[in-house]
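This report covers one protein chain, from overall dimensions to individual side-chain pairs. The sequence and coordinates come first.

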Amino acid sequence: MVIHSEFLDSLTPSAIRSITAKIRDKAKQGEKVVSFAGGLPSAEFFPIEDLKKIDEQIFEEEAGEAIQYAASDGYDPLREYLVTFMERFQVTGLSYKNFLITSGAQQGLAYLSKGLITPGSVVITENPSYPGALETFRSYGAKVVGIKMDDEGMSMDELEQALKANGHVAFIYTIADFQNPMGASMSIPRRKQLVDLAERYDTFVVEDAPYSLISFDGTVMPAIKRFDKYGRVIYSGSTSKTIAPGLRIGWLIADEESIQKLVYLKMRDDLQVNNLAQRQVLHYLQDHDFDGHLRQVVEVYKKRKETMIEQVMASFPEGTRIVPSGGGLFLWVELPEGNDTLEMFDYVFQKNIAYVPGVFFCPDGSGKNAMRLNFSTTGEDKIRECIPILGQMIKEYIQHK
Ligand SMILES: Cc1ncc(COP(=O)(O)O)c(C=O)c1O
């Protein structure tokens, strides 16, 4: 008998997983796929040697403590370290009690969903936005309302209209820095406006910030949390894109009482985050050259992105538009209106090249003519070789359609 319930039967595989499944199938047949579809940092730069030394040190000095059961709110020395870490984003005045360590940012989003969404609740997001978040919100019964983006991030006029039109909104979800998938960042005036709107319409802002330090010119924006005079912003951080995602370390920041409520959720969910990984991340941030590592990786990503833009502009159909951005892992490409990147996916995939169709990111079903290309995991030479093939396949598809 297969397990079943209304909730379980409502879950479907994530849209992006359907693409990764196709890639895996090809790999099983021994074919090599060049994937611009992932959202991964590049494994070639993971700080393996440092982590080896850290593991040795942890087992030498912290021994059994490091793999014992531990507190649900997180490893206190890591929480304390993060208080200082947040000054990078001009967030000050925090105590370690404002932090809940999570198993990646994704778990934080799940807890906020579990805690704040009831079936039929409205969650407002950017349009487009990160599908992993949209699917989590929906799985808890939320109706997701997307707000259009421009060069300064989410449109505040449209947001206010949506707040007026939807009654109680559980929260507004934003990826304000080097957004997934567009790469755009929210301007400072809009960050302030967003906090004011949350206060005026009695809702919360969930600020998801895994890309904030992947900045090509080194500029780090002040977090929305920096402007949070009302206690309306819940900040979500992660080391997935800057150290390594497999360690699964993220954190939520809120007032102490809210954190305590989320800790009760965590106790019932998985007791605690992996104790060893919390210590690995703490030692890495505290005792090793995190900033040097970041500079090296970001420099490589920047070159890959420049190469990708050059190749897209040279080989994609006339009228293609890209969204300029100063960081992150993604390039958002819009083909001329009337094209459908989901429809053309299988045709292009014959050449073993993958991307993510834009429609997967858009709560309102728009984005049909767009695609997200990831540049972090493919070397410049491969980008030079494969983006023109992608462009050629798109043109062929359009011609023969
Ligand atoms: C915007 C955004 N939030 C959260 C996540 C998940 O991050 P983590 O690995 O910390 O769970 C991702 C991963 O791609 C992301 O793009």
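## The Lys22–Asp346 pair

Lys22 has a relative accessibility of 32% and therefore counts as partly exposed, since that class lies between under 20% for buried and over 50% for exposed. The model is a predicted one. Lys22 forms a salt bridge with Asp346, and their closest N and O atoms are 2.7 Å apart. The bridge ties together distant parts of the chain: Lys22 belongs to helix H2 (residues 15–28) and Asp346 to helix H12 (residues 345–349), 324 residues apart. Asp346 is likewise classed as partly exposed, because its relative accessible area is 46%.

## Overall form

The protein contains 13 helices and 14 strands. Its C-alpha trace extends about 60 × 55 × 55 Å along the principal axes. For 401 residues, a compact globule would have a radius of gyration near 21 Å, and the value for the protein, 21 Å, agrees with this.

Of the 401 residues, 55% are buried. Among contacts with a separation of 6 or more, 74% are between residues 24 or more positions apart.

## Nonpolar cores

In soluble globular proteins, nonpolar side chains tend to be buried together. Here the largest nonpolar core has 106 residues, and the members that touch the most others are Phe316, Leu373 and Leu390. Outside its neighbours within four places in sequence, Phe316 is in contact with Val333, Leu335, Met371, Leu373, Ile387, Leu390, Gly391, Ile394 and Lys395. Another core lies apart from this one; it has 21 residues, including Met154, Ala176, Leu194 and Phe227.

## Glu126, a buried acid

Glu126 sits in strand E3, which covers residues 122–127. Which side chain of opposite charge is nearest to the buried Glu126? That side chain is Arg191, at 8.5 Å, and Glu126 has no salt bridge. The 8.5 Å to Arg191 does not meet the salt-bridge cut-off, which requires a nitrogen within 4 Å of a carboxyl oxygen.

Glu126 has polar partners instead. Its side chain reaches the backbone nitrogen of Ile175 at 3.1 Å, and a polar contact of 3.1 Å joins it to the side chain of Gln179. Beyond four places in sequence, the residues in contact with Glu126 include Gly146, Ile147, Met149, Met154, Tyr173, Thr174, Met186 and Pro363. Met154 is also one of the residues of the 21-residue core.

## Salt bridges within helices

Side chains of opposite charge can pair when their charged atoms come close. The protein has 22 salt bridges in total. One of them joins Lys302 and Glu306, with an N to O distance of 3.9 Å. These two residues are both in helix H11 (residues 290–315), 4 residues apart, or about one turn of the helix. Lys302 is partly exposed because its relative accessible area is 27%, and Glu306, at 43%, is partly exposed too.

A network of salt bridges with shared partners connects Asp73, Asp76 and Arg79. Within it, the side chains of Arg79 and Asp76 meet at 2.8 Å, N to O. Arg79 and Asp76 are 3 residues apart in helix H4 (residues 76–85), so about one helical turn separates them. Is each partner buried or partly exposed? Arg79 counts as buried because its relative accessibility is 3%, whereas Asp76, at 31%, counts as partly exposed.

Methods: Residues numbered from 1 in each chain as written. Predicted model: local features only at pLDDT ≥ 70, side-chain atom pairs only at ≥ 80, totals over all residues. Heavy atoms only, no water. Buried < 20%, exposed > 50% of the residue type's maximum accessible area, 1.4 Å probe, protein only. Lys, Arg positive; Asp, Glu negative; His and termini not counted. Polar contact = N/O pair within 3.5 Å; in protein donor to acceptor, adjacent residues only side chain to side chain. Contact = heavy atoms within 4.5 Å. Core = buried A, V, L, I, M, F, W, Y, C linked by side-chain atoms within 4.5 Å. Rg over C-alpha atoms; globule rule 2.2 N^0.38 Å.
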